[in-house]
Amino acid sequence: MMSDSKKDCFAHGGVLLFLFALQFFLPAYHHGNMARIMVLASYAIGYNLLFGYTGLLSLGHAIFFAAGLYGSGLAISQFGFSVGVALVIGVAAGCVLSAVIGALALRTEGVAFMIVTLMFAQAGYLTVLYFGEFTRGDEGFVLAHADRVLWGVSLSDQTSKYFSAFSLFCVSLIMCLALVRSRFGKVLIAIRENEERTQMLGYNVVWYKFCTIILSGSISALAGATYALLFGYVGASFASVEYSIYPLLWVLLGGAGTVIGPLVGMIFMFYLIDLSSGVTTAYMLVAGVVLVFLAVFAPQGVMGEVRSRIWKWLS
Amino acid sequence: MDFGPYLMLAIMEGALTAAVLALTASGLALVFGVMRVVNVAHGEFFMLGAVLAWWVTQLAGGSPVLGFLLALCVVPVLVGMLAAFVDMTILKRINYDPERTIVATIGILYILQQVTLMTYGPEARPVAPPFNARIALPWIDMSDGTLRLYWPWGLSITSYKLFVIGAACVVLLGLWALMTKTKLGLLMRATEQDREMALAFGIPVQRIYAIAFGLGAGMAALAAVLIVPIQQAHYLMGGDPLLLSFIVVIIGGLGSLPGAILAALLIGLSDGIISIFFSPTLAKIFATLFVAFVLVFRPKGLWGTGKP
């Protein structure tokens, strides 16, 4: 009989192995979809660290995703940096931005925290529109195939696209898993469950929250930067309120506070919208109905229910 | 046109914005005050008011006056009833938990918006104003030491815009009377102050919540009916009123009605004046950052008497 901790590691390792093997079987259309899903799921993993584990509901994470997206996109289109440097610039942009916003927003809590993050993200979105000369606003800009080459490998090629997305997802998932199993992660969960008590035990709650915002913002920015490099499109819609709501939706659906939940929620939502957009243009209706149902019936999400009913050892 | 009349025009337009904003925001402030929840779908109730107003005037046929009057009476009631229904079916079930309410109302936002897109369509449609006479305004000119009254070209307001400002004042006075002079207002204020105690005194808190939520949405719909002859009805029109109402409610102190009305005046007037000097996007950036900083450094609002 394996220990619970080992089971947990094997389960997540199994998921990664499955995703790796999947690329050899998937038809072209779903192959491309899965690459996109893994990048966006990494974004959701970043969001989940803050929302699912620390209990801080941010309504403005799009600004971090967009910081990575525009940080690396503009580094290539405006300054002609190479892909590796652009990636670093994107992550650094998200890191700095999340430190600034975190320092300010953590002075508030509860509903005020949500509105403050929402307002900062809105200001970020408007800033993207305001500098339309460089960002080309809503229309966005495209990165040429020739500019998206890393170590001689073209990132616009199907196989390397899938593999890059998979690597990003691996990094995010393993980082998240290691984090929540560590001492640091346990403190975060303690903060979520009972903030006053954690403070009473002598932990510097605000410092832990601040570090988590930076970590969460940086992972989101990494996902954003990778998105720009893999799919070659940078547009203002990625900075809009919708892209702050989406990770909340994916995480809630998959299970807040579970490592694998963001991926499950992302796959579910992606194919739900994919199928319904074939039927109607009002496909966001599906998102709305799912949100209401989640809030009312399943606040724990899919993997949250699985954990509380079947696999109690899942982290 | 000189600077003076130009400013006067901006103030007139600002007063119109302020009037509509005060109505919308007082609805949001009412809901936040009584129920302690943030209704993210508030802007969609505004949008629904405008779209239903178009629909009612179409049904009424020819006469714009009749159609408009009908819309003014029927639409806020319809939207209010829908909101009360939403409260009883969804918000009640999640027990008004602040965070889950935000998630649920975001869901309601998308449902209302997308159902409107499916039924009403993506077009922006106008509603004919019931009356629309142009009223020229005089301006005082001081030259050679003598005062002279003259009518500069372009300085005018329509009778309908004046009516909107007047109507908003009347409705806000009515809301004030409702909150301070009637039994229902007393019950709402009691619930606002202490939910448990109100419950202990036999106040039907659940019903008061439904009424407050309906009334708040009705205020937004009323504001939309008033503005729709000036601005067209469109399924995405709820975003700006939501953002502006948020700003107003936060600056006025969360949940405080007089604070919200004062803040609406400030925002509406300064919006009219600022947008002359700056690009509207830049003005919006400053406004959103301003709200964020107010919340960070003055969490009780600029005139902070409201409870946090």
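Confidence in chain B of this predicted model dips lowest in strand E2, residues 139–143, where the mean pLDDT is 68. At the other end of the scale sits helix H8 of chain B, residues 205–227, with a mean of 92. Averaged over chain B, the pLDDT comes to 83, and 91% of the residues in that chain score at least 70. For the complex, the predictor reports an ipTM of 0.77 along with a pTM of 0.80.

Next comes helix packing. Two packed helices are described by the angle between their axes and the distance between the axes. Within chain B, helix H2 (residues 42–60) and H4(B) have axes that come within 9 Å and cross at roughly 25°. Because angles under 35 degrees count as roughly parallel, H2(B) is roughly parallel to H4(B). The crossing of H2(B) past H4(B) is left-handed. A second pair brings together a helix from chain A and one from chain B: H5(A) and H9(B) pack with their axes 12 Å apart, at an angle of about 130°. That angle makes H5(A) oblique to H9(B). Here too the handedness can be given: H5(A) passes H9(B) in a left-handed crossing.

Those two helices, H5(A) and H9(B), turn up again around the largest pocket, since each is listed among the elements that supply at least two residues of its lining. The volume of this pocket is about 1400 Å³. Its lining is made up of 47 residues, and the closest to the pocket centre are A:Ser240, A:Val241, A:Glu242, A:Tyr243 and B:Tyr110. From chain A, helices H2 (28–53), H5 (111–130), H11 (242–254) and H12 (261–276) each give at least two lining residues, as do H4 (98–119) and H9 (239–251) from chain B. The top contributor is H5(A), which brings eight residues to the lining. As for chemical character, 33 of the lining residues are nonpolar, eight are polar and six are charged.

What about enclosed space? Rolling a probe the size of a water molecule over the atoms shows where empty space is left. Two cavities of 30 Å³ or more are counted in the model, and the second largest cavity holds about 40 Å³ of space. The residues that line this second largest cavity are A:Leu50, A:Ser58, A:His61, A:Phe64, A:Ile101, A:Gly102, A:Ala105, A:Phe113, A:Thr117 and A:Ile213. Two helices of chain A, H4 (83–105) and H5, give two or more residues to that lining. Of the elements involved, H4(A) gives the most, with three residues. Sorted by class, the lining of the second largest cavity has six nonpolar and four polar residues, with no charged ones. H5(A) therefore appears in both settings: it leads the lining of the largest pocket, and it is named for the second largest cavity as well.

Key. Residues are numbered from 1 along each chain as its sequence is written. Chains are lettered from A and ligands numbered from 1 in the order in which they are written. This is a predicted model: local features need pLDDT of at least 70, side-chain atom pairs count only at pLDDT 80 or more; totals for chains, interfaces and linings use all residues. Side-chain values use heavy atoms; hydrogens and water are left out. On a 1 Å grid over the protein atoms alone, a cavity is a set of points where a 1.4 Å probe fits but cannot get out, and a pocket is an open set with protein on both sides within 12 Å along at least five of seven lines; lining residues have an atom within 4 Å of a point. Grid points are joined across faces, edges and corners, and a volume is the space filled by probe spheres set on the points. Helices (H or I, at least four residues) and strands (E, at least two) are DSSP runs, numbered from the N terminus. Ala, Val, Leu, Ile, Met, Phe, Trp, Tyr, Cys and Pro count as nonpolar, Asp, Glu, Lys and Arg as charged, and the others, Gly among them, as polar. pLDDT is the predictor's confidence in each residue, from 0 to 100. Axes are lines fitted to C-alpha atoms, for helices over the stretch in contact, and angles run from 0 to 180 degrees between N-to-C directions. Angles under 35 degrees count as roughly parallel, over 145 as roughly antiparallel, 65 to 115 as roughly perpendicular and the rest as oblique. A crossing is left-handed if the near helix is turned anticlockwise from the far one by less than a right angle, and right-handed if clockwise.
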